[in-house]
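Student: Could you take me through one part of this model up close? I'd like a single residue and its surroundings, then how that spot sits among the helices.

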Amino acid sequence: MDYQIFEILLLYAIYCILGWVCQVMGFSLAGKGYQNRGLCKGPYLTSYGLGALAVIFSVEYTSAKFQLEGIPLPARAFCAGTVIALILGVLSMVTVNGLCGSRLIRIRWFQPILCGFLSVILIVHLNPLLSAYIRWMSPWVHLFFLLFFWMQYLSQLFDGISGLLRLKKKMHFSQPRE
C-alpha cells in the first residue's frame, strides 16, 4: 500500500491516541485505577504511534521484498510486532529512565508478546479499515485534525521532556551529600 504523508501523520496520531486508551484501560482493569502513562499530559503515547507505523511498514516491506508466500500474514505481523515492541520498549526505558535519573519504566516479559498479538489485529483488521476511512474523508478534515493534534502533541511532548529533566535535577539535589 502506498501512503501519502498526510495519511502517515494521521495514522501516527490515531495510533498514539489508541495506544494511550489501551494503556489506560489496561491499568484500570488491572485494578490500578486511572494512570496517565505517557510522557505527555494529554492522550498521546509516542511509542504506540511509532510502533504501529513500524509494524505496518515492516510487514509491507518484508512481504514485497522477500518470498514469504508460505508464511501467513498473521504470523508475519506477530513476529514483527514482538520484535518491534521489544526494541521500542528497551529504547523507551533507556531514554525515559536516563532523562529522569530513576527507574520509571520497566519491561515485563509478556509485553512484547502481547504487542505481537495486537499487531495481528492491527495488520489484519484495524489498519485496512482506518486507511480506507482516511482516504474517504475530506482533506479539510485531515488538515484540521492534523493541525490540532500536532500543535497539542508537540507542546505537551516538550513539556513532558522538560518535566523529566526537572525531576532528574530535583532528585540530584535531594540526595544526601557525602
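**A close look at Ile84**

Tutor: Sure. This is a predicted model, so a word on confidence comes first: the protein chain averages a pLDDT of 86, and 95% of the residues score at least 70. Element by element, mean pLDDT is lowest for helix H5 (residues 139-174), at 85, and highest for H4, at 92.

Now zoom in on Ile84, which you'll find in helix H3 (residues 73-100). Is Ile84 buried or exposed? With a relative accessible area of 14%, Ile84 counts as buried, because the cut-off for that label is under 20%. Leaving out residues up to four places away in sequence, Ile84 touches Gly51, Ala54, Val55 and Ser58. Looking the other way along the chain, Ser119 is 35 residues apart from Ile84 in sequence, yet their C-alphas are 9.9 Å apart in space.

From there, hop over to Phe117, which lies in helix H4 (residues 111-136). Phe117 helps make a nonpolar surface patch of about 750 Å², together with Trp109, Phe110, Ile113, Leu114, Leu118 and Ile121.

For another helix, try H1 (residues 5-29): its 25 residues reach 36 Å from first C-alpha to last, close to the 36 Å expected at 1.5 Å a residue. The buried residues in H1 include Leu10, Leu11, Ile14, Trp20 and Phe27. Just after H1 comes Gly31, with a positive phi of about 85°.

Definitions and conventions. Residues are numbered from 1 along each chain as its sequence is written. This is a predicted model: local features need pLDDT of at least 70, side-chain atom pairs count only at pLDDT 80 or more; totals for chains, interfaces and linings use all residues. Side-chain values use heavy atoms; hydrogens and water are left out. Patches are made of residues with over 30% relative accessible area and no salt bridge: like charges are joined within 9 Å, nonpolar side chains (Val, Leu, Ile, Met, Phe, Trp, Tyr) within 5 Å. Accessible areas come from the Shrake-Rupley method with a 1.4 Å probe; for residues, only the protein chains shown count as cover. A salt bridge is a side-chain nitrogen of Lys or Arg within 4 Å of a carboxyl oxygen of Asp or Glu. Helices (H or I, at least four residues) and strands (E, at least two) are DSSP runs, numbered from the N terminus. pLDDT is the predictor's confidence in each residue, from 0 to 100. The expected span of a helix is 1.5 Å times one less than its number of residues. Buried means under 20% relative accessible area, exposed over 50%, partly exposed in between (1.4 Å probe, protein chains only). Contact means heavy atoms within 4.5 Å.
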